[in-house]
Amino acid sequence: MVQNLEYYKVFCHVARCGSLTLAAKELSISQPAVSQSVRLLETAVGAKLFARSARGVKLTREGELLYAYVEKGYEQIELGERKLKQMMDLELGEIHIGASDMTLRFFLLPYLERFHELCPGIRIVVSNAPTPETLASLRNGKIDFGVVSTPFDAQGLECEPVREAEDIFVAGRRFIQYKNRMLDLKELERLPLILLEKNTSTRSCMDRFLAENRVEVAPEFELATSDMIVQFALRSLGVGNVVRDFAEKELEEGTLFELRFNKMLPKRRFCVVTVEGEQPSAAAKRMLELIRTKDLPERNGNDSYDYF
């Protein structure tokens with residue numbers, strides 16, 4: 001097998017052009033260099049590939065046979081190079097991102113919008129899952145990066161905090177006697193609580209905080225999403241634990257109120273996580289740059305990203 005693929009590149013150009021001179025011009029090399037490459041290839045394959053004609057050169061029967069196969073391979077190489085350049089120029093490609101409902105809705109969404117405006121040829125695939133599942137997907141190579149909320153096991157990961165998140169307890173009219181009161185955390189033991197399921201970072205954080213303060217709770221409801229917790233709290237089915245963003249509208253309207261405690265609930269963070277030491281793809285790198293520079297689309301009036 002011929003080791004130098006450059007010989008085949010020259011061979012294809014000469015065959016297409018029917019001229020050593022035109023092939024040299026296309027390749028931006030000298031005509032003697034083209035002639036030498038053809039001779040070396042003929043020597044390597046043990047056959048005469050070109051014959052001189054009145055207009056230049058033409059393929060011999062042996063040359064035609066070889067060209068029929070080499071042309072397909074060379075076209076695929078050229079296509080691969082073009083596609084690679086398009087990928088590096090962010091004209092095509094894919095990004096695979098993992099995010100929870102919370103981080104997607106209250107952090108990542110405007111960046112996805114901005115990235116789509118800048119790089120419409122890039123396909124964005126978002127895996128919507130709780131933090132533990134997102135981290136598992138990241139470690140298994142299924143996503144390029146994740147946007148998750150603390151706490152989580154960061155071993156082998158690079159973590160970049162990007163925003164604070166505040167956990168609160170909210171309640172509706174049935175619990176109005178607790179409004180504007182400073183409560184002891186122990187009060188939670190007597191209240192019907194609505195919490196997220198245990199496979200979430202929000203629940204893990206709250207369980208740990210309550211255990212550290214010797215508060216034992218048995219939730220009335222354990223739900224899959226924070227949106228449902230807000231809906232249950234609106235119907236006074238219990239006191240819900242959510243990140244403030246989920247209940248912001250209801251708190252402003254007065255349909256829910258926030259319970260106050262004599263001890264501060266722990267604040268958490270949204271983090272962008274990648275696998276330690278791994279180089280992101282060109283598209284993923286661009287998205288991460290947008291997040292780091294907070295490059296968001298302009299908004300006017302009430303349609304604004306005022307939580308950054």
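Let me start with Ser100, which sits in the loop between β3 (93-99) and α5 (101-118). This is a predicted model, and I'll keep that in view throughout.

Is Ser100 buried or exposed? Its relative accessibility is 9%, so Ser100 counts as buried, the cut-off for that being under 20%. As for what surrounds Ser100, setting aside neighbours within four places in sequence, the contacts are Asn128, Ala129, Pro130 and Val147.

Next, the interior. In soluble globular proteins, nonpolar side chains tend to be buried together. Here the largest nonpolar core has 42 residues. Which of its members touch the most other members? Those are Ile95, Leu108, Phe145, Met287 and Ile291. The element that gives the most to this core is α5, with eight residues.

Take Phe145 from that group. Not counting residues up to four places away in sequence, Phe145 touches Ile95, His96, Ile97 and Gly98. The list for Phe145 goes on with Leu138, then Val272, Val273 and Thr274, and finally Ala284, Met287, Leu288 and Ile291.

There is also a second core, separate from this one, with 22 residues. Among them are Leu49, Val57, Tyr67 and Val70.

Last, the surface. Leu84, Met87 and Met88 make up a nonpolar patch there, and together they have about 300 Å² of accessible area. Met87 belongs to helix α4, residues 61-88. With a relative accessible area of 37%, Met87 is partly exposed, because that class lies between the 20% limit for buried and the 50% limit for exposed.

To go back to the start: Ser100 is buried, while Met87 is partly exposed. That's what I have.

Note on methods:
Residues are numbered from 1 along each chain as its sequence is written. This is a predicted model: local features need pLDDT of at least 70, side-chain atom pairs count only at pLDDT 80 or more; totals for chains, interfaces and linings use all residues. Side-chain values use heavy atoms; hydrogens and water are left out. Helices (H or I, at least four residues) and strands (E, at least two) are DSSP runs, numbered from the N terminus. Buried means under 20% relative accessible area, exposed over 50%, partly exposed in between (1.4 Å probe, protein chains only). Contact means heavy atoms within 4.5 Å. A nonpolar core is a set of buried Ala, Val, Leu, Ile, Met, Phe, Trp, Tyr and Cys residues joined through side-chain atoms within 4.5 Å. Patches are made of residues with over 30% relative accessible area and no salt bridge: like charges are joined within 9 Å, nonpolar side chains (Val, Leu, Ile, Met, Phe, Trp, Tyr) within 5 Å. Accessible areas come from the Shrake-Rupley method with a 1.4 Å probe; for residues, only the protein chains shown count as cover. A salt bridge is a side-chain nitrogen of Lys or Arg within 4 Å of a carboxyl oxygen of Asp or Glu.
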